[in-house]
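I opened a fresh page to record what I looked up in this structure, one topic per entry. The chain is shown below, and my notes follow.

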Amino acid sequence: MIRRIVRRQTGAGRIMPSTRITTGIWARGIEAKVIEAVQDALLAALKIPDYDRDVVLDLYYDAARIVPTGRSERYTRIEILLFSGRSLAAKKALYGAVVANLSALGVPANEIKTVLIEVPSDNWGLRGGLPASEIDLGFKVDV
């Protein structure tokens, strides 16, 4: 496994959502483009502020992972931890934007899997250990 944290940046202690992108080594050399493709989808669909970034990219050799039958080394999984509360319309917009943005980088649409893991805001400790449910985040979750 090649594990690279390409960019991890947050503003004012806000960490939401947290995103992990997993794919093959085909993405070596364009890591920042892959991360920005997913981050741009988050911005557009979930209406998060631009400074709200917490994204990691993990690259694997073929021998270090099993992908679904019929998929290539470009198979890409995106797991996004986020507060509960987004509408189905926002989620659909996110799925579509992720596919459009990664397809532009050569990932076939049927080789992109996006998994949302919704976590109640009580279960996020932020800004010195406060539950996120007790903090003014500065943006809306219920989009």
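Which exposed residues does the face of α2 turned away from its buried side carry? I looked at this in the model, which is a predicted one, and found Leu88, Ala89 and Lys92 on that face.

**Entry: helix α2**

I then turned to the other side of α2, where the buried residues are Ala90, Lys91, Leu94, Ala97, Val98 and Leu102. These residues cover an arc of only 125° around the axis, and therefore they lie on the same side of α2. When I looked up what covers them, I found that the cover includes α1, β4 and β5, the last of these being residues 112–119. I also checked the length of α2, residues 88–103: at 1.5 Å a residue its 16 residues should span 22 Å, and the C-alpha atoms at its ends are 22 Å apart, so the expected and computed values agree.

**Entry: the chain as a whole**

I stepped back to the overall layout and noted two helices and seven strands, which follow one another along the sequence in the pattern β-β-α-β-β-α-β-β-β. Of the 143 residues in the chain, 44% are buried. Taking the contacts with a separation of 6 or more, I noted that 79% of them are between residues 24 or more positions apart.

**Entry: strand β2 and its partners**

Strand β2 covers residues 18–24, and I noted that six of its seven residues are buried. I traced two partners for this strand: β3, residues 55–60, runs parallel to β2 and is joined to it by six bridges, while β4, residues 76–83, pairs with β2 in the antiparallel sense over five bridges. For the pairing with β3, I wrote down that isoleucine 21 stands opposite leucine 57, and for the pairing with β4, that serine 18 has leucine 81 as its bridge partner. Following the chain, I found that β2, helix α1 and β3 make a right-handed β-α-β unit.

I picked threonine 22 as a residue of β2 to follow further. Its relative accessibility is 7%, and because of this value it counts as buried. The C-alpha atoms of threonine 22 and leucine 57 are separated by 6.0 Å, although these residues are 35 residues apart along the chain. Not counting residues up to four places away in sequence, threonine 22 touches Asp58, Tyr60, Arg65, Tyr75, Thr76 and Arg77.

**Entry: helix α1**

How many of the 16 residues of α1 are buried? I found twelve, so that the helix is mostly covered; among them are Val34, Ile35, Val38, Leu42 and Leu46, but also the residues Glu31, Glu36 and Gln39. The length of α1 also agrees with expectation, because 16 residues at 1.5 Å each should span 22 Å and its end C-alpha atoms are 22 Å apart. After α1 comes lysine 47, for which I noted a positive phi, near 60°.

**Entry: strands β4 and β5**

I next followed β4 to its other pairing, with β5, which is in the parallel sense and holds eight bridges. Isoleucine 80 has leucine 116 in β5 as its bridge partner. Between these two strands the chain crosses through α2, and this β-α-β crossover is right-handed.

I also looked up leucine 82, which is found in β4; at 1% relative accessibility it counts as buried. The C-alpha atoms of leucine 82 and isoleucine 117 are separated by 6.3 Å, with their positions 35 residues apart along the chain.

**Entry: the nonpolar cores**

In soluble globular proteins, nonpolar side chains tend to be buried together. I therefore asked which residues have the most contacts inside the largest nonpolar core. In this core of 27 residues they are Ile21, Ile78, Leu94 and Leu102. At least two residues come from each of α1, β3, β4, α2 and β5, and α1 gives the largest share, nine residues.

I listed the contacts of isoleucine 78, leaving aside its neighbours within four places in sequence, and they include Thr19, Ile21, Val38, Val98, Leu102, Ile112 and Val115. My last note is of a second, separate core of seven residues, which includes Trp124, Leu126, Ala132 and Leu137.

Note on methods:
Residues numbered from 1 in each chain as written. Predicted model: local features only at pLDDT ≥ 70, side-chain atom pairs only at ≥ 80, totals over all residues. Heavy atoms only, no water. Buried < 20%, exposed > 50% of the residue type's maximum accessible area, 1.4 Å probe, protein only. Helix = DSSP H or I, 4+ residues; strand = E, 2+ residues; numbered from the N terminus. Pairing = 2+ DSSP bridges. Right-handed = clockwise from strand over helix to strand, strands pointing away. Expected span 1.5 Å × (residues − 1). Arc of directions from axis to C-beta. Contact = heavy atoms within 4.5 Å. Core = buried A, V, L, I, M, F, W, Y, C linked by side-chain atoms within 4.5 Å.
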